[in-house]
Amino acid sequence: MIRLIGYFFGIGTTLALLAAAGVALYIGHVAKDLPDYEVLAKYEPPVTTRIHASDGALMAEYARERRLYLPIQAIPDRVKAAFLSAEDKNFYSHPGVDITGLGRAVITYVSGGPMQGGSTITQQVAKNFLLTNERSLERKVKEAILSFRIEQAYSKDRILELYLNEIFFGFNAYGVAGAALTYFDKSVNELTVAEAAYLASLPKGPANYNPFKHADRAIERRNWVIGQMVENGYVTPEEGAKAKAEPLGVAPRRSGSYLFAGEYFTEEVRRQIIARYGENALYEGGLSIRTTLDPKVQLIARKAMQNGLMKYDTLRGYRGPVKTIDVSGDWGVPLGAVKGLEDVPEWSLAVVLDSSASGLSIGLQPARQASGDIVKERVEGTVSKEDMGFAMRHVVDGKTVKAKSPADVLKPGDVIFVQKNDGSDNTYSLRQVPEVEGGLIAMDPHTGRVLAMVGGFSYSQSEFNRATQAMRQPGSSFKPIVYSAALDNGYTPASVIMDGPITIQSGNTTWTPKNYDGTVAGPATLRSGIEKSRNLMTVRLANDMGMKLVVEYAERFGVYDHLAPYLPMALGSGETTVMRMVSAYSIMANGGKSIKPSLIDRIQDRYGKTVFKQDERGCEGCNAPEWKNQPEPELVDNSEQVLDPMTAYQITSMMEGVVQRGTGATIGELGRHIAGKTGTTNDEKDAWFIGYTPNLVVGLYMGYDTPRGLGHGATGGGLAAPIFKDFMRVALDGTPNVDFKVPDGMNLIAINRKTGMRSSSGDAGTIIEAFKPGTGPADSYWVIGMGADGSNASGGALSPQANQAIQDGGGGLY
């Protein structure tokens, strides 16, 4: 009997050894092809790029996976406790594998059942980072082997850090920091016990615990996690009970742009980042981008531009509803499907429920829940006849028709835009998206930092940026470049030019320019030519000094890369952008120094290292180890001087005259030291105004995207200048009224504004003019562009075309 027992024991031992050898061989075979776990030391997951305004306000986020990487030290204990309780309560004590759980999974699989989970956090790290999601015994064995190796190579905290930053939570959120923002719009430090427990319940199956589709299931799972936290001693029973009683409280964070007034600016930054670093850097690199945008200035600019566009548009009548829907049943559903303007939050979409002689009864577009479902409650209101007065002139088949009643304009089912009246609960005013568009830039002239950018009425309606992408003729807003070239090359503000008819012959082509109003003023100073925007004087001046010089300055100022040397270009007939024109005016505002327009102040990588800084000025002594009564360090401005500072002051002074008594006189009502110039293009297709104080340059234009006339008499002074004025009134409020600095060495001399010759300061028609050293008023009366016999610049008698121009008038760049 003993021999028999020994025999079976020997057989059992042999079989056990063979089995062990087989397992060892299998494990050795599996382990041979395992991935290198050392890559975890260099782990750099895709991280969200964030764009901020100059004050730190979040403007936009870009990511393929919405993730913010947090070191384990930055993750609160209650958040870690929630995940440990939900996923692996023995994490800090096991060697990487839960032997009991693994054995149970293997037995179930061998018995013909499905491959079960039961993975530790370490195993999930091995699977998520190094293996596939294949459900097989071999993958489970690989996972276990890697888990043991990972535990030997890395600390528990490092493993938990990898796990909490990698896991998927649904809604394209990865990592606990990204999930906290996505679900609760909070940082992890702000999460409550209930919120942390809900996030910890999601990795098992985000779709199964969707807070909108499966709220009951989500609460049940969350409460289970809270119970585990109580059982494991992380929270007290009282805290647990309180947390279980809370609602889910999910408040999803919006994606894309956050600063609603800055969509055009944000998109321009996005394009620049892609051009500089590529798409992967933007959507995966975790860049932190600090922009130049000033949110307060941006809001002012947006409001001024939108109001100006609406004012012009409503004078042209009402063009009809957005669309028409069926209101015989539940009108909320079809109305909810109509796309509104997300970046014009003051407006709402509404449907006309009834129209009569007194006004409209309307239903407001229902709000949407975070799940996307339309709120069932319906909100109704009214629009009185007075609050839709502009629509009494409505456009039918391209013709304006006068209506007697709102019922003649809109009918039930028409979808319209409305805006709630101030101080009212349910009365609204009719609104219309303007057809006319425009672009505006506000810039710091000393640094080139773009403080505000308006690319059109609504980014939701059109993403085309008219401030940076629209190529338009600047018209007479280009004239200061011509006059700067003259002042930099021997002319003075008191130089007198003939404002009279001129005919330019070029080959077989004859060009006869005209002043906008068709009149001529005779001899006048350069200052008068700028203030009154005289085309004939500008053409004579450009002709006298040569277009080659005009081209040089136009390119030096950055208005054009290559300008054709033809005289009509002196009147601003070449196309450029608002951004370029504002940059050019900044040179005149800052004393003649070149600037590079910038939208980005600084870019940091995911580790906080600065990889780009716009300000390239040097600063010797800024990093002194200690203070030894040395003078304060100064930033060294290395900007190129592209215009004589004295010339810059002269042209600025002349453009102050535009605001005080010229084509931009409406702006003079602000009582500020402002220089600027109007611009109107051929057939009144575009209206411009660009102006500046010593510390702020603002430029804008209005016009249709497909250029067409804005209407007879629609000038830069009448359309664009009032928008500039509205902007400056608010933007400069509370700031000192700083005067432009006169450069040292300039001579201020009283002259006669008509003759340009020296005058006594008390005489009528006298103005104080700035002259460079060695220059001054002419000793004898001399008129540029007029011969001794009084002929025009081309020589000979006035041409028939010139005589006709004097008689007919009108037209031309202005």
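At what angle do the axes of helix 7 (residues 175–184) and helix 8 (residues 193–201) cross? Keep that in mind while you load the model, which is a predicted one.

**Whole chain**

Start with everything shown. The protein has 814 residues, and 51% of them count as buried. Colour by secondary structure: there are 22 helices and 29 strands. Now think about contacts between residues at least 6 apart in sequence. Of these, 70% join residues at least 24 apart.

**Stop 1: Asn 172**

Select Asn 172. This residue sits in the loop between strand 3 (168–170) and strand 4 (173–174). Check the backbone: phi is positive, about 60°, although Asn 172 is not a glycine. Relative accessibility is 32%, so Asn 172 counts as partly exposed.

**Stop 2: helix 7 and helix 8**

Move on to residues 175–184, helix 7. How many residues of helix 7 are buried? The count is 10 of the 10, so helix 7 is largely enclosed by the rest of the structure. The buried set includes Gly 175, Ala 177, Gly 178, Leu 181 and Thr 182. Just past the helix, pick Asp 185, where phi is positive at about 55°.

Add residues 193–201, helix 8. Here is the opening answer: the two axes cross at roughly 115° and come within 11 Å. Helix 7 is therefore roughly perpendicular to helix 8. The crossing is right-handed.

Show side chains at the contact. From helix 7, take Val 176, Ala 179, Ala 180, Tyr 183 and Phe 184. They meet Glu 195, Tyr 198 and Leu 199 of helix 8. Seven residues of this contact are nonpolar, none is polar and one is charged. Look at the spacing along each helix as you rotate the view. An α-helix has 3.6 residues a turn, so residues three or four places apart point the same way.

**Stop 3: helix 11**

Select residues 263–277, helix 11. Put a distance between the end C-alpha atoms: they are 21 Å apart. At 1.5 Å a residue, its 15 residues should span 21 Å, so the two values agree.

Which residues of helix 11 are buried? They are Glu 263, Tyr 264, Phe 265, Thr 266, Glu 267, Glu 268, Val 269, Arg 270 and Ile 273. Next, display what these buried residues pack against. The helical partner is helix 12 (279–284). The strand partners are strand 1 (49–52), strand 2 (58–62), strand 5 (288–291), strand 15 (450–454) and strand 20 (600–604). Before leaving, click Gly 278. It follows helix 11 and has a positive phi, near 100°.

**Stop 4: helix 15 and helix 17**

Jump to residues 479–487, helix 15, and residues 535–545, helix 17. Their axes lie 10 Å apart, and the helices pack at an angle of about 40°. The pair is therefore oblique. Helix 15 passes helix 17 in a left-handed crossing.

Show the contact residues. Helix 15 supplies Lys 479, Val 482, Tyr 483, Ala 485 and Ala 486. Helix 17 answers with Asn 535, Met 537, Thr 538, Leu 541, Ala 542 and Met 545. The split in this contact is eight nonpolar, two polar and one charged.

**Stop 5: Glu 684**

Finish on Glu 684. Is this residue buried or exposed? Glu 684 is buried, because its relative accessible area is 12%, under the 20% cut-off. Its place is the loop between strand 24 (675–680) and strand 25 (686–693). Phi of Glu 684 is positive, about 55°, although this residue is not a glycine.

Terms used. Residues are numbered from 1 along each chain as its sequence is written. This is a predicted model: local features need pLDDT of at least 70, side-chain atom pairs count only at pLDDT 80 or more; totals for chains, interfaces and linings use all residues. Side-chain values use heavy atoms; hydrogens and water are left out. Axes are lines fitted to C-alpha atoms, for helices over the stretch in contact, and angles run from 0 to 180 degrees between N-to-C directions. Helices (H or I, at least four residues) and strands (E, at least two) are DSSP runs, numbered from the N terminus. Angles under 35 degrees count as roughly parallel, over 145 as roughly antiparallel, 65 to 115 as roughly perpendicular and the rest as oblique. A crossing is left-handed if the near helix is turned anticlockwise from the far one by less than a right angle, and right-handed if clockwise. Contact means heavy atoms within 4.5 Å. Ala, Val, Leu, Ile, Met, Phe, Trp, Tyr, Cys and Pro count as nonpolar, Asp, Glu, Lys and Arg as charged, and the others, Gly among them, as polar. The expected span of a helix is 1.5 Å times one less than its number of residues. Buried means under 20% relative accessible area, exposed over 50%, partly exposed in between (1.4 Å probe, protein chains only).
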